[in-house]
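Trainee: Please take one part of this model and look at it closely with me, and then let the rest of the chain follow from there. I would like to learn how a position along the chain relates to a place in the fold.

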Amino acid sequence: MAKGSAGYACTDCGKTALAWTGQCPACGAWNTLEAAATAATASGRKGASRAAAGKPVPLREVSTESAGRIRTGIGEFDRVLGGGLVPGSLVLLGGSPGIGKSTIAGMALANVGAAGAGTLYVSGEESPAQVRSRAERLGEAALDVPVMAESSLDVVLATVEAERPAVCVIDSVQTLAVGDAAPGSVAAVKQGTGALLDAAKRLDVTMILVGHVTKQGSLAGPRALEHLVDCVLHFEGERERTFRTVRALKNRFGATSEVGVFEMREGGLVEVADASARFVGEAHPAAGSVVLCAMEGTRPLLVEVQALVAPTEVVPPRRTATGVDRNRLALVLAVLARHGGINLSGADVFVNVAGGVRVDEPGADLAIALAVASANSGTALDTGGTAQSGGAGAKPIACFGEVGLTGELRYVAHADRRLAEAKKFGLDRVLAPTPAEGRPRGLETVDTIAAALRAAGAKRRLRSAA
Ligand code: TYD
Ligand code: MG
């Protein structure tokens, strides 16, 4: 039961009524009366047909320039956003605790403020003193950002209305107190976001909502928000490691494939523009290691995929995948057993993408397969060059490709760019299935998992695990 004076409202015409009836007394629609609080937002949308007619514009005349965007001044972040923040949009910034959400939000506000636009940092988690001590690490401009420790949605809305900042950060959406709903509950988070969305559009204020996500990836509250907000950004990385990636899971104003790479340092998050160099620099030919030529959106990225195979008595044996999809690992292991002669049913298998990066693409399959096969045989993959395998200066082998169920390898998009990136960093051997457009120079094509294992020298000294 709603407590307002008008207890119910029609979701079609917005007419309010004190008592519930099956048919709306105003517009005659059936079963459209809802408790006033929940109907308010719905009627706002549906009731639009009663308003003055809109003015459609031919698409050709719609402005596409990103000049109207508010740049956060953090290049990698702006790139993921599709060129900066769109005024009046609602961005959900999710990630596990301690990953750096408040840091990047603080940095963005500092830059926006330094560029002369109004900002507001609403903290429901930390005291202003705590926010200040973080800002002190981020530099002078961060200290100019107005902060308010507040969790009441109504106070936040009133303040935004009064201050009209260009960009407002709500840290976090789970701490918002909305009506009687328990803070952090799905109802509170949804209702709060709905109200903020409304304010964002109405006042042309860009809102960045920070949302916590548990390590298990459960976005309890935030997941429920994805359809409401304009843009969902996800902050990833291992807390203990310094690398962080920001990717867009949804973006109404840009591509969702872009990924920004950062490093957490003293002084905040630092963009890593040459991520490939960093990751390849850390990779050395060793048993269980291979370089994957991945695509992060439109950008090639070299990452090291590592595997460990250890005999076990445990049934079923352990399969741990960090940075790659667990189901892809299961599939690759099954194909290795069936078509590669490598049976690991008696071994624990761990696969990890070094640096805490996540690679979500089938192109990672071949790297998983070669890393596992190499770990199983206990020998580094054949780097080809004159340098001894594993010797100083030897460059690891690189690869990409999808593994098919029949043991064939399937080509993946952007073979040329992946190859070029590997060559750029001096990786001599690059294995991949033949691309549709033909074999580019410098690519060693392998079209079955068996051929790949042979070419990489991964099957020699095959040990039976257990
Ligand atoms: P924080 O942004 O508070 O994480 P979240 O809001 O996602 O919970 O920052 C997390 C970590 O970053 C914290 O352990 C401290 C560290 N950090 C640095 O290493 N350097 C810095 O300059 C800052 C501000 C934080
Ligand atoms: Mg925080």
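Mentor: Let us begin with Arg79, which in this predicted model counts as partly exposed because its relative accessibility of 26% falls between the limits of 20% and 50%. Arg79 belongs to helix α2, which covers residues 75-81. Which residue, 175 positions away in sequence, has its C-alpha atom 9.1 Å from that of Arg79? The partner is Gly254, and the pair shows how the path along the chain and the path through space can be read as two separate things.

The same kind of reading can be made at other places in the chain. Lys201 sits in helix α7, and its C-alpha atom is separated by 8.6 Å from that of Leu90, although their positions lie 111 residues apart along the chain. Lys201 also counts as partly exposed, since its relative accessibility is 44%. Two further examples come from strands. Val169 is part of strand β7, and with a relative accessibility of 0% it is classed as buried; its C-alpha atom lies 8.0 Å from that of Leu109, a residue 60 positions away in sequence. Val246, which is found in strand β10 (residues 243-251), is likewise buried at 0% relative accessibility, and its C-alpha atom is 8.0 Å from that of Phe262, a residue 16 positions away in sequence.

From these single residues we can turn to the place where the chain meets a small molecule. The shell around ligand 1 is made of 16 residues, and the closest of them are Gly98, Ser102, Thr103, Arg265 and Gly268. If you sort the shell by residue type, you find four nonpolar, seven polar and five charged residues. Three contacts with the ligand are worth tracing by eye, one after the other. At Lys101, a backbone N or O atom lies 2.8 Å from an oxygen atom of ligand 1. At Thr103, a polar atom of the side chain is 2.5 Å from an oxygen atom of the ligand. At Arg137, an N or O atom of the side chain is 3.3 Å from a nitrogen atom of the ligand. On its own, ligand 1 has 560 Å² of accessible area, and the protein covers 78% of it. The elements that contribute two or more residues to this shell are helix α3 (101-114), helix α4 (128-138) and strand β11 (259-265).

Next comes the interior. The largest nonpolar core contains 66 residues, and among these Leu370 and Val372 touch the most other members. Helix α11, which runs over residues 365-377, gives this core nine residues, the most of any element. The core also takes at least three residues from domain 2 (75-273) and at least three from domain 3 (277-465).

Finally, a careful reader should pause at the backbone itself, where a few angles deserve a second look. The peptide bond between Asp171 and Ser172 is cis, with omega near 5°, and Ser172 lies in the loop that links β7 (167-171) to α7 (186-203). A second cis peptide bond joins Val315 to Pro316, with omega at about -10°, and Pro316 is placed in the loop between β14 (299-311) and β15 (319-322). Two residues other than glycine also have a positive phi, and they can be taken together. Asp204, in the loop between α7 and β8 (206-212), has phi near 60°, and because its relative accessible area is 48%, Asp204 is classed as partly exposed. His414, in the loop between β19 (409-410) and α12 (415-424), has phi near 65°, and with a relative accessibility of 35% it too counts as partly exposed.

Notes
Residues numbered from 1 in each chain as written. Chains lettered and ligands numbered in written order. Predicted model: local features only at pLDDT ≥ 70, side-chain atom pairs only at ≥ 80, totals over all residues. Heavy atoms only, no water. Near = heavy atom within 4 Å. Polar contact = N/O pair within 3.5 Å; in protein donor to acceptor, adjacent residues only side chain to side chain. Areas by Shrake-Rupley, 256 points an atom, 1.4 Å probe, with all protein chains shown as cover. Helix = DSSP H or I, 4+ residues; strand = E, 2+ residues; numbered from the N terminus. Nonpolar A, V, L, I, M, F, W, Y, C, P; charged D, E, K, R; others polar. Core = buried A, V, L, I, M, F, W, Y, C linked by side-chain atoms within 4.5 Å. Buried < 20%, exposed > 50% of the residue type's maximum accessible area, 1.4 Å probe, protein only. Domains from an automatic or database assignment.
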